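These are my notebook entries from a session with the structure shown below. I wrote down what I looked up, in the order in which I looked.

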Amino acid sequence: MDQNSGKIWFNGQFVPWEDAQVHVLTHTLHYGAGVFEGIRCYKCTDGSSEVFRLEEHVERLFDSAKVMQMEIPFSQEEVCEAIINSLRENKLKEGYIRPLAFIGDGKMGVYPGDNPINLIIAVWPWGAYLGEEALQKGIRVKTSSYSRHHPNVMMTKAKIAGNYVNSILAKREAFADNYDECLMLDVDGYVAEATGENIFIIKNSVLKTPPLGSVLPGLTRDTVITLARDMGYTVKEQRFTRDEIYIADEAFLTGTAAELTPIRELDSRKIGAGEAGAVTKLLQNEFFSVVLGENLKYAGWLYNFET
Ligand code: PPE
């Protein structure tokens, strides 16, 4: 299968890919009030499969829905089960999982009234988000002319579809200038995150990442903070400016899709030696050994299942 085939779980039923359709007056299509998740399933080194931090992703989906005052008509357990069943139905041993809760058609106008809340779960094979080379060699990043959300304008703890309009504007700008990704600053000018990833820098073996405020509380961010501390590194959740990245030894992005992607250049300045840094590589190796089920210490993060 690919992104355009297989079965999609739609409000409790599996439907063929081509039949998973909605009306053009779907409320979310007009106003962006939908909440979603991005989750990865890995084929482990021993041949089994696992979904990484499944329950926590589903919890974040429900948290996002709560922020948006959307009542998902299923329980968190039912959604976890539906995700595993989707992987089985599509015979997917490894790939990406995209649950989306959205407001259906009925009343038009900004106030969604009693329009129904729908839930779909799509799964598809997805390799390295920013390319296999990006994982090895690192990416080129440019500071965006767009600011990241002010926490009183958009709700930054929630993964809301409409939040990504800001990301799309920024990503188009970065791509037009031939960069792989862009760095987004908060409204005060401090480093926030990238369009779909959190950011870390390393200086003298100390890691820094922006505190939660204008950034999504990334589960990969949390994973990397835990792994780094367990490896003996100091990790500070602290505000920093873009020039602190220019003079950092290393920098990298984290996200479910992007995994752990080194940054080799920001705004035409090489970061460190202009390649994936040594500590970044150690963390990347540790991350992949965990998600591939090679490190039993973190087995609690893996939701193993039989396909
Ligand atoms: N910040 C943003 C804005 C974001 O969208 C993501 C995930 C993260 C940080 C990292 O969060 P986490 O995945 O829990 O570590 N972005 C998702 C969407 C990517 C897409 O193109 O769609 C993802 O990585 O799945």
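In which strand is P99 found? I located P99 in strand β6, and I note at the outset that the model I am reading is a predicted one.

**Entry on P99.** I looked up the accessibility of P99 and found a relative accessible area of 1%, so I entered the residue as buried, the cut-off being under 20%. I then listed what P99 touches beyond the residues up to four places away in sequence, and the list reads V35, F36, E37, I39, L61, I83, I120 and I121. I also checked P99 against Q238, which is 139 residues apart from it along the chain, and the two C-alpha atoms are separated by 31 Å.

**Entry on the ligand.** I asked which residues come nearest to the ligand, and of the 21 residues around it these are Y96, Y129, Y164, T220 and T256. By class, I sorted the residues of the shell into six nonpolar, nine polar and six charged. For the polar atoms, I recorded an N or O atom in the side chain of R60 at 2.8 Å from an oxygen atom of the ligand, and an N or O atom in the side chain of K159 at 3.2 Å from a nitrogen atom of the ligand. From the backbone, an N or O atom of A257 lies 2.9 Å from an oxygen atom of the ligand. I then looked up the areas: the ligand taken alone exposes 550 Å², and the protein buries 93% of that. The elements that give two or more residues to this shell are β6 (95-103), α6 (219-230) and β14 (250-255).

**Entry on H27.** I found H27 in helix α1, which covers residues 27-31, and at 1% relative accessibility H27 counts as buried. Setting aside its neighbours within four places in sequence, I noted contacts of H27 with G32, I103, G104, D105, K107, G109, V110, Y111, P112 and N115.

**Entry on α3.** I checked the length of helix α3 (residues 76-89), whose 14 residues should span 20 Å at 1.5 Å a residue, and its end C-alpha atoms are 20 Å apart, which agrees. The buried residues that I listed for α3 are V79, C80, A82, I83, I84, S86 and L87. I reminded myself that an α-helix has 3.6 residues a turn, so residues three or four places apart point the same way. After α3 comes K91, for which I read a positive phi, near 50 degrees.

**Entry on T143.** Is T143 buried or exposed? At 8% relative accessibility I count T143 as buried, and I place the residue in strand β8 (residues 139-143). Apart from its neighbours within four places in sequence, T143 is in contact with L183, L185, R242, L266 and D267. With D267 I also recorded a polar contact of 2.6 Å between the two side chains. For a longer separation I took E18, 125 residues apart from T143 along the chain, and found 39 Å between the C-alpha atoms.

**Entry on α8.** I looked up helix α8 (residues 278-291), which has 14 residues and reaches 20 Å from its first C-alpha to its last, close to the 20 Å expected at 1.5 Å a residue. In α8 I found V279, T280, L283, Q284, E286, F287, S289, V290 and V291 to be buried. The helix is followed by G293, and I noted its positive phi, near 75 degrees.

How values were computed:
Residues numbered from 1 in each chain as written. Predicted model: local features only at pLDDT ≥ 70, side-chain atom pairs only at ≥ 80, totals over all residues. Heavy atoms only, no water. Near = heavy atom within 4 Å. Polar contact = N/O pair within 3.5 Å; in protein donor to acceptor, adjacent residues only side chain to side chain. Areas by Shrake-Rupley, 256 points an atom, 1.4 Å probe, with all protein chains shown as cover. Helix = DSSP H or I, 4+ residues; strand = E, 2+ residues; numbered from the N terminus. Nonpolar A, V, L, I, M, F, W, Y, C, P; charged D, E, K, R; others polar. Buried < 20%, exposed > 50% of the residue type's maximum accessible area, 1.4 Å probe, protein only. Contact = heavy atoms within 4.5 Å. Expected span 1.5 Å × (residues − 1).
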